[in-house]
Amino acid sequence: MAKIQVLIVDDVAQTRKEIHRLLQFENDMTVVGEASNGQEAVALALELQPDVILMDINMPVIDGITATQRISMEVPKAATIIISIQGEHEYLKKAMMAGAREYLVKPLASEELVFAIRRVYELAQTRNLSQQRYGEAQAAKNKREGRFIMVFSPKGGVGKTTIATNTAIALAQQKQGKTALMDLDLQFGDVALMLNLDTKRNISELSREEDELDAELVNSYLIPHFSGVRVLIGPPIPQEAELVKPAHISNILTAAKQQMDHIVLDTAPGLSDLNLDLWEMCHHLLLVVTPDLATLKSAKACLDVMASLNVVHKTSIILNRHNLKMGIKAADIEKILGTKIWRQVPNDEDVVTQAVNKGLPFVLGQSAAAISHSIADLAEGLIGNEGQAQAAGRKKGLAARIFNLLEVAGLCRC
């Protein structure tokens, strides 16, 4: 079995020596090099191509944050763990924006360090594998290539699951291919509740069959809903979320896009490793916000992280409850976030509550409501973004056929 190749970066020689000695006791790890400053770290990372880099934050010549930022761009396969005596949130934020995958505070416990190394290595391997599989699928011809639509928010309570569920149904109603909805809020997902579905066949059960996990098996776990959506339910209890590993989700998504045209992903709030991976994989990232200052503060910080990871170009802001009394106005929200709002969904507590209690999404049970029209418009926008050129070609072809029919009938005077 290949060992995890580790590069140690610290300006204190004794610290490097202690970490080196500690890792010698781990059979699955090997230290491939040491650096005493950020400049040496970048050069060695380019030369050695390590799997994991242990990076001190305060160093001469080039500091750890700057070095991490350069390495994340020039050696993307390497996963960096920032190590610092500083535990403040501001340092953590800077490390994440630079591309670090973990942040540890000195003094280090041996168990904590080796666990972090194995964890970031596993996630990096999963990410690299998913990107490889995505590239292979892109190159393959005559195959279905589903598109992932991720519905996300850094904070809970913004109506994310409501928007994800109703948007998936609205996409299915557009009759523009097959649509799936997946509940990737693995601990506290509510998609099954929203659709009044049984939770026996769920993602944790599917993960147990990892040896046979292929497109056919994944398709069998996609529960048909009468709306036309196929649904993958989340775990029925929070404890079972631990059964679902990043590699499982990567394989499930790879298989699903061979079966579906649109895959809507409802996700847990927060910047988890899973969500960061999904940012990279998804084609549309819908960032849901509400018109209150606390949510907007989190969204602004989230957009900063997205900018550092180069996913802003596929991110669209969805303003939920835009007409909320005492809420911040849309124009002011755009100033706060520094970007345009793509779609707005009105506040309609009565319609939403009734839909949830009945297990019947409002786009089906109350299709005439203003909130249902806003979701339909959102779905149309997603389809339009995917294929405006194809749609224009179809309209042009249809117009030509109509013109020919009118000409034959003698109704066209040109």
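How much space lies in the largest cavity? In this predicted model, the largest cavity holds about 60 Å³ of space. The legends below treat the enclosed cavities in turn.

**Figure 1. Cavities of 30 Å³ or more in the predicted model.** The count comes to three cavities at this cut-off. The largest has about 60 Å³ of space, and the second largest has a volume of about 40 Å³.

**Figure 2. Close-up of the residues around the centre of the largest cavity.** The lining comprises 10 residues, of which Thr126, Pro246, Ser250, Asp277 and Met281 are the closest to the cavity centre. By class, the lining of the largest cavity consists of five nonpolar, three polar and two charged residues.

**Figure 3. Helical elements that line the largest cavity.** Two or more lining residues come from each of α5 (110–139), α10 (246–256) and α11 (273–281). The greatest contribution to this lining is that of α11, which supplies four residues.

**Figure 4. Close-up of the second largest cavity, with a volume of about 40 Å³.** The lining is formed by Thr162, Thr165, Asn166, Met194, Val352, Ala355, Val356, Pro361 and Phe362. Six of the lining residues of the second largest cavity are nonpolar and three are polar, with no charged residue present.

**Figure 5. Elements that contribute to the lining of the second largest cavity.** At least two lining residues are supplied by α6 (160–173), and at least two by α14 (349–358). Charged residues are absent from this lining, whereas the lining of the largest cavity includes two.

Notes
Residues numbered from 1 in each chain as written. Predicted model: local features only at pLDDT ≥ 70, side-chain atom pairs only at ≥ 80, totals over all residues. Heavy atoms only, no water. 1 Å grid on protein atoms, 1.4 Å probe; cavity = no way out; pocket = protein on both sides within 12 Å on 5 of 7 lines; lining within 4 Å. Points joined across faces, edges and corners; volume = space filled by probe spheres on them. Nonpolar A, V, L, I, M, F, W, Y, C, P; charged D, E, K, R; others polar.
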